Amino acid sequence: SSRNVRLAAIKSFMHFLEFREPAAVDQIRRILAIPPKKADTRLVRHLTVDEMQAILNAPKPSGWDGLRDRAMLHLCFAGGLRVSELVGLQLGDVTLQPEATILVHGKGRRERSLPLWKVTATALRAWLAVRGTAAPTPEVFVSARGQPLTRSGFEYILDKHVQVAASAGVLHAEPLGQH
């Protein structure tokens with residue numbers, strides 16, 4: 001795959017040169033004709049129910065960060081959210097009464113409304129009760145400093161809880177950056 005990425009960059013440059021160097025058009029066409037190397041695609045392993053439950057149970061709901069982490073993990077699992085959708089979720093996008101739903105702003109300005117499972121709504125309510133209005137940002141999930149949570153911040157939190165679940169012997173832990 002690294003070779004194909006480099007080849008794509010070279011081909012892009014050749015497309016740029018194609019109109020600026022008409023004398024080299026034969027050489028450029030030969031370079032553009034180089035086929036990409038075929039690479040095997042591996043199937044991404046999914047988590048079992050027990051593995052997912054172990055990750056959801058990893059945050060201890062006794063502290064501020066545990067409530068936040070539990071709500072984030074439940075939302076990711078129940079809603080199938082991308083990390084950018086999760087960290088971009090704002091307080092105005094959450095409706096807890098009469099029925100718990102969230103409005104998700106996805107890629108390409110697409111919006112979707114998702115109903116929440118009872119356990120997910122309970123985790124989110126617990127987090128919002130602790131979060132309160134102390135943080136000056138409109139994002140639902142904030143860091144310990146009161147700033148909006150970043151994608152890398154979520155990755156750190158998820159990796160931490162995967163390690164906790166792995167130490168319990170329920171799943172094989174592979175750090176997120178090692179894929």
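This is a short chat about the sheet and the aromatic pairs of a predicted model.

Visitor: What order do the strands of the open sheet have?
Guide: The order is E1-E2-E3, three strands with antiparallel pairing.

Visitor: Which are the edge strands?
Guide: Strand E1 (94–95) and strand E3 (111–115). Each pairs on one side only.

Visitor: How many bridges join E1 to strand E2?
Guide: Two, and E2 covers residues 101–105. Valine 94 stands opposite isoleucine 102 in E2.

Visitor: New topic. How many aromatic pairs does a search of the whole structure find?
Guide: Four. In one of them, phenylalanine 13 and phenylalanine 16 have ring centres 6.1 Å apart. Their planes are at 25°, so this pair is stacked, since under 30 degrees counts as stacked.

Visitor: Where do phenylalanine 13 and phenylalanine 16 sit in helix H1?
Guide: They are three residues apart in H1 (residues 2–18), so about one helical turn separates them.

Visitor: Buried or exposed, what is phenylalanine 13?
Guide: Partly exposed, at 44% relative accessibility. Phenylalanine 16 is partly exposed too, at 41%.

Visitor: And what kind of aromatic pair do phenylalanine 77 and tryptophan 117 form?
Guide: An edge-to-face one, 5.6 Å centre to centre with 75° between the planes.

Visitor: Which parts does that pair tie together?
Guide: Phenylalanine 77 lies in helix H4 (residues 64–79). Tryptophan 117 is in the loop between E3 and helix H6 (118–131), so the pair ties together parts 40 residues apart in sequence. Phenylalanine 77 is partly exposed at 39% relative accessible area, and tryptophan 117 is partly exposed at 46%.

Visitor: Which residues form one aromatic cluster?
Guide: Trp64, Trp127 and Phe141.

Notes
Residues numbered from 1 in each chain as written. Predicted model: local features only at pLDDT ≥ 70, side-chain atom pairs only at ≥ 80, totals over all residues. Heavy atoms only, no water. Pairing = 2+ DSSP bridges. Helix = DSSP H or I, 4+ residues; strand = E, 2+ residues; numbered from the N terminus. Phe/Tyr/Trp six-rings, centres within 6.5 Å; stacked < 30°, edge-to-face > 60°. Buried < 20%, exposed > 50% of the residue type's maximum accessible area, 1.4 Å probe, protein only.
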